[in-house]
Amino acid sequence: DQLNSDMSKLLALTVLSCYFLVVSATYGLDLSQPTSQSSFGCLKGEGFDFAVVRCWTSVGRADPGCPFSVNNAWAAGMAHVDIYMFPCPSCGNPAGQVQGLINFVRSHNLKFGMLWFDIEGPGSYWGGDQGSNREFISALISTGRSLGINCGIYTSASQWNPIVGSWDGGSGLPLWYAHYDGAANFGDFEAFGGWSRPAIKQYAGNIATCGAGIDKNWYP
């Protein structure tokens, strides 16, 4: 009858809407170890569509495994491949570090979307002078922009606030934040550092799968 027909249509539309909500979300991974094309292919088969690869290390040098992993991620069919930089504050010369990274990736003809600055480790990688830390991060950002690179910040409130205090000097860049609650959504996010909305969430870490060590990420 008409009622049952209408109910069936409504149910079908509801299921279809839920389907599009699910498929519109994008899952990805980040990693710091050299990773093979076969591992990336396996990860793609598990539903990961983007990768973020470490290309600069905390000791102030380019990561030699970066070109291998970036090229393999593209070859395996990842839709997006970004890179990240773990800067070395104690090494000084933030502009030189960014320039060194970009020289390195360009010398290997690496294709990438964004460069993410990994800001974490107060008291271990970062000293207690918040003013100096702000100047260092400002130099990272300005140098990246001057080189025509699309940049973002990876951090969390527990890391950012001790490093730079209430400073909002990074809020003009997209935020990739970490909170290992296993939930692929932004429902847990609380504003900090001038960011009112994040771009990506790292929701699970230290996962071993497909012969690789990864962190899991999501964006809507």
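How many nonpolar, polar and charged residues does the lining of the largest pocket have? This is a predicted model, in which local features need pLDDT of at least 70 and side-chain atom pairs count only at pLDDT 80 or more, while totals for chains, interfaces and linings use all residues. Residues are numbered from 1 along each chain as its sequence is written, and side-chain values use heavy atoms, with hydrogens and water left out.

The lining of the largest pocket has seven nonpolar, six polar and five charged residues, where Ala, Val, Leu, Ile, Met, Phe, Trp, Tyr, Cys and Pro count as nonpolar, Asp, Glu, Lys and Arg as charged, and the others, Gly among them, as polar. A pocket here is an open set of points on a 1 Å grid over the protein atoms alone, where a 1.4 Å probe fits and protein lies on both sides within 12 Å along at least five of seven lines, and lining residues have an atom within 4 Å of a point. The largest pocket holds about 320 Å³ of space, and of its 18 lining residues D30, L31, S32, Y84 and D215 are the closest to its centre. Strand 8 (a strand being a DSSP run of E, at least two residues, and a helix one of H or I, at least four, numbered from the N terminus) gives the largest share of this lining, three residues.

The second largest pocket, with about 170 Å³ of space, takes at least two lining residues each from helix 6 (157–164) and strand 6 (175–178).

Helix 6 is also among the elements that cover the buried residues of helix 5, buried meaning under 20% relative accessible area with a 1.4 Å probe, protein chains only; these residues include F136, I137, L140 and I141.

Note on methods. Points joined across faces, edges and corners; volume = space filled by probe spheres on them. Buried < 20%, exposed > 50% of the residue type's maximum accessible area, 1.4 Å probe, protein only. Contact = heavy atoms within 4.5 Å.
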